[in-house]
Amino acid sequence: MLNEQETVMAKVVSFIIQKGGCGKTTTTANTAGYLAMHGFQVLAVDMDPQGNLTQHMGYDTESLDHSILDLFEGQYGFDEVILQRNETLHLLPNNLKTASAEFSLQKNSLNPDFLLRDVLAPVMNRYDYVLLDCPPAIGLFSINALAASTEFVLVVSPEFFPMKAIKPLYETFRMVKSKLNHSLQFNGIIMTMCDFRTRHSQEVRSILKKNFPHKLYNAYIRMNVSLKEASSYGQTIFEYNPHSFGAFDYQNFAEEFIRDHHKNICKKQYYQQKFETLSPGEQNQIIMFAEQSLSAFVKNGIDNADDDSSVLHEALVVERNKVLEKLFPYRMNNLVEDQS
């Protein structure tokens, strides 16, 4: 199953922190806008019933014909709900009706934690990136976002409460990875609303760099009035004021974000190539070790899954590559050397 050529699926990224007002929506909207401007097919998903991302994209949440709730309830199809902002940027909108339906969704759905995953599965090959703007609290919709994601980015402003929110959120990540989404990865931390003229911003960045030395993005987002103005006009910063500090900072972040994705693709291709060079007996042994490292929950899912179960397949690929990494340590120039 794993030695066949794999289809490149969308990178699904949750922007998340258990605190409001940290710049999650601004980061989701402007990252989506930059990627779409540069030719990537992007789906932005508003997972917050407050509908801030929907408004940031220029839509009135009170006058929506349909929202993501219609997909969760099976009332309409994906193409009926999606809003096409332009050729490369699409939006799944949200509004307060979703909040009032949370209890019924949890009670009446067979798999309430996988509502979003099931909605996205048929359209994953349409997009390069799916970016999720998560609610500021851990509940059904945040769990759905993490269960459907390939990775997540913590959006942290230099304040006391966002810093305090990192530890419980990381515990949630470990739970979701263990029980719901074995392939979920911690992508990194982006600092927003920075003012390095203040000691506090400097101290927070120093603490993050010390505790997450390989996860803190080099890019950071400075305080900039144009970012607030852009959201109020329903535009990305690149549409509203492309020469502002805000546009410069989000360009830096998006470029670093893209480079990280490219590195991961190269690494995945490298281990796929290494796997294909092994004998059938060696391949079977690698798969056996990979399956043994999966949680009982995921292992049971693989045993009972259809051949086209992409989520379970990806979980096994992740574990397989961890085994291969011990045998063939990866370096950035490995792929180039192997192809020369």
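## Salt bridges, exposure and a pocket in a predicted model

Author: In this predicted model, E171 and R174 are joined by a salt bridge, with 3.7 Å between the closest N and O atoms.

Reader: Why is the contact between E171 and R174 called a salt bridge?

Author: The closest N and O atoms of E171 and R174 are 3.7 Å apart, and a salt bridge requires a side-chain nitrogen of Lys or Arg within 4 Å of a carboxyl oxygen of Asp or Glu, so the pair qualifies. Both residues lie in helix α9 (residues 160-179), three residues apart, which is about one turn of the helix.

Reader: What makes E171 partly exposed rather than buried?

Author: The relative accessible area of E171 is 41%, and since buried means under 20% and exposed means over 50%, this value falls in between, so E171 is called partly exposed.

Reader: How many salt bridges does a search of the whole structure find?

Author: The search finds seven salt bridges, and one of them joins the side chains of E151 and K11, at 3.2 Å from N to O. E151 belongs to strand β6 (residues 151-156) and K11 to strand β1 (residues 11-16), so this pair ties together parts that are 140 residues apart in sequence.

Reader: Are E151 and K11 buried or exposed, and how do you know?

Author: E151 has a relative accessible area of 9% and K11 one of 3%; because buried means under 20%, E151 is buried, and K11 is buried as well.

Reader: What makes D118 and R117 a salt bridge, and how are these residues classed by exposure?

Author: The closest N and O atoms of D118 and R117 are 3.7 Å apart, and the limit is 4 Å, so the pair counts as a salt bridge. With relative accessible areas of 42% for D118 and 24% for R117, D118 is partly exposed, and R117 is partly exposed too.

Reader: Why does E291 count as partly exposed, and where is its place?

Author: E291 sits in helix α14 (residues 280-293), and its relative accessibility is 30%, which lies between the cut-offs of 20% and 50%, so E291 counts as partly exposed.

Reader: What is known about the lining of the second largest pocket?

Author: The second largest pocket, with a volume of about 510 Å³, is lined by 27 residues, of which G21, G23, T25, T26 and M193 lie nearest its centre. Helix α11 gives the largest share of this lining, five residues, and the lining residues divide into nine nonpolar, 13 polar and five charged.

Key:
Residues numbered from 1 in each chain as written. Predicted model: local features only at pLDDT ≥ 70, side-chain atom pairs only at ≥ 80, totals over all residues. Heavy atoms only, no water. 1 Å grid on protein atoms, 1.4 Å probe; cavity = no way out; pocket = protein on both sides within 12 Å on 5 of 7 lines; lining within 4 Å. Points joined across faces, edges and corners; volume = space filled by probe spheres on them. Helix = DSSP H or I, 4+ residues; strand = E, 2+ residues; numbered from the N terminus. Nonpolar A, V, L, I, M, F, W, Y, C, P; charged D, E, K, R; others polar. Buried < 20%, exposed > 50% of the residue type's maximum accessible area, 1.4 Å probe, protein only.
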